[in-house]
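The exercises below are meant to be worked with the coordinates open, and each is followed by a solution that goes step by step.

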Amino acid sequence: MPGNTATAGTRSRGQLEMAELHGSVSEPVLDTMNFLNEVTHRYPDAISFAPGRPYDEFFDTDQVIADIRRYLDHLARQGGSPDDIRTALYQYGPTAGLIRGIIADSLRADEDTDVPAESIVVTVGAQEAMLLVLRALMAGPDDVLLVSSPCYVGITGAARLLDVRVRPVEEREDGFRAADLEAAVREELANGRRPRAFYVVPDHSNPSGTTMGTRARADLLELAERYDFLVLEDSPYRLVSPGTPLPTLKSRDRARRVVHVGSYSKTVFPGARVGFVVADQRVRDATGGEHLLADDLAKIKSMVTVNTSSLSQAAVAGALLGAQGRLSRLNVRAAAHYGDAMRETLRQLDARLPAERRARLGVSWNEPTGGFFLTMRVPFLVDNAQLVTSAQDFGVIWTPMSHFCPGTGGHHGIRLSISYLTPAEIEEGTARLVRFVETQSAPL
């Protein structure tokens, strides 16, 4: 055909052009995980402070079978017939999830959060929950997602896939400040845009490790009500951290301003790929009727993943039932381990770079009390090339903070994850890291 001649002359049959694909596939944020995995694969002897994954030693292969059995026994006690139980385990199951009631009970027991099971949607990890919420809330080009920056790449990646406008709100060294968010909201409104939601990890944030204080939490909820936006709360690390956590935003949400995203990747096991979202906001339709936002999220999910694996839900439900809903009880040993790992990392850094020495070099770091991450600031520019140098010449891997900063920023920051390392690896890894930092830093 004549119309195909020019095309065939400029590219081979079946070849596609990047310009013809969605812009998200060229977005650097979508390359972050692949790049880190590639570096880790290329330098297998390097000690890695990059992966934010749970410590392997807490997983017992027999425990998964026991948890599934516990859930099946629970169904039988609830009156389920053998046919009902078989169907629950093997078939697709309801889109919104099989275990919403068990999750609701757990939230009451562990988080002082009383929401109906119908307001919960069980998702394929927290990542799907973010995608569903953004798709439901962002209705037009003038709708804006505000994010506490630096932030988890999953939310900015989801926003890019959906062509959602992102406005970063920079964290201070001591974390989030409501005044900074209010200024950003007012600026967006002045420019004719609608701030729709603000994404934040209040507890031991990924990547910075900061925790939002009590006053800042109250200020955030007040701002959300005053300026009519929602808060997208993501807190996967609070129940695997030592000590008593501050109340979640959702537990203090009297005006239904908080959409809470939950994940069992850190508290049960990541291979299950089970998360959830609490969306108890009321939605008024054109006829004047009302339904839950969770109902709309389930509609979207039915066209994305259909449902969350019934087998994975059974494993998670069994773990929750075994702990009487208290993930904090289930994770006592894990929380102690991660707390010890964080303190040991900070102790080793301080011993190898004492205050006077790091002040001369222009190096600093924060001191989180929990979670998986801490942030180091250095006087030199940090990028992927520096990471390769660190892995190749010094045998240590970390993550450039610029990966977590929408737009620009983070070019002097390093994220360190302490969750996946043994004490011996922390000792050797910090020694290698300090050698790298000292080599790259010129005294001030």
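## Exercise 1: Salt bridges

Asp253 counts as buried at 11% relative accessibility, where buried means under 20% relative accessible area, exposed over 50%, and partly exposed in between (1.4 Å probe, protein chains only). The model is a predicted one, in which local features need pLDDT of at least 70 and side-chain atom pairs count only at pLDDT 80 or more, while totals for chains, interfaces and linings use all residues. Residues are numbered from 1 along each chain as its sequence is written, and side-chain values use heavy atoms, with hydrogens and water left out.

Task: find the salt-bridge partner of Asp253 and state whether that partner is buried or exposed.

Solution. Apply the criterion that a salt bridge is a side-chain nitrogen of Lys or Arg within 4 Å of a carboxyl oxygen of Asp or Glu. The partner is Lys250, with the closest N and O atoms 2.9 Å apart. Lys250 is buried as well, at a relative accessible area of 5%. Elsewhere, Glu111, Asp203, Arg217 and Arg238 are joined into one network by salt bridges that share partners. In total, the structure holds 34 salt bridges.

Task: describe the salt bridge between Arg42 and Glu38, and say how the two residues are placed in their helix.

Solution. The closest N and O atoms of Arg42 and Glu38 are 3.4 Å apart. Both residues belong to helix H2, and because they are four residues apart there, about one helical turn separates them; helices (H or I, at least four residues) and strands (E, at least two) are DSSP runs, numbered from the N terminus. In general, an α-helix has 3.6 residues a turn, so residues three or four places apart point the same way. Arg42 counts as partly exposed at 41% relative accessibility, and Glu38 is partly exposed at 41%.

## Exercise 2: The seven-stranded sheet

Task: give the strand order of the sheet that contains E5 and E6, and identify which strands stand at its edges.

Solution. The order is E2-E8-E7-E6-E5-E3-E4, in an open sheet of seven strands with mixed pairing, where two strands pair if DSSP finds at least two bridges between them. The edges are taken by strand E2 (120-123) and E4, each of which has a single partner strand, so one side of each is left without a neighbour in the sheet. From one strand to the next, the twist averages 20°, with axes being lines fitted to C-alpha atoms, for helices over the stretch in contact, and angles running from 0 to 180 degrees between N-to-C directions. For the pair E5 and E6, which run parallel, there are four bridges, and Phe198 has Val231 in E6 as its bridge partner. Helix H10 (residues 293-302) packs on this sheet, touching E2, strand E7 (258-263) and strand E8 (275-278), and its direction makes about 25° with that of E2; contact means heavy atoms within 4.5 Å.

## Exercise 3: A covered helix

Task: determine how many residues of helix H7 are buried, and which elements cover them.

Solution. Helix H7 (residues 153-161) has nine residues, of which seven are buried. Those seven are Val153, Gly154, Ile155, Thr156, Gly157, Ala158 and Ala159. The cover includes H2, helix H6 (125-137) and strand E3 (143-149), together with strands E4, E5 and E6. Just after H7, Asp163 takes a positive phi of about 55°.

## Exercise 4: Single residues in helices

Task: for Gly318 and Leu36, locate the helix and list the contacts beyond the sequence neighbourhood.

Solution. Gly318 is found in helix H11 (residues 310-322) and is buried, with a relative accessible area of 0%. Leaving aside residues up to four places away in sequence, Gly318 touches Asp67, Arg70 and Tyr71. Leu36 sits in helix H2 and counts as buried at 7% relative accessibility. With residues up to four places away in sequence again not counted, Leu36 touches Leu387, Trp398 and Thr399.
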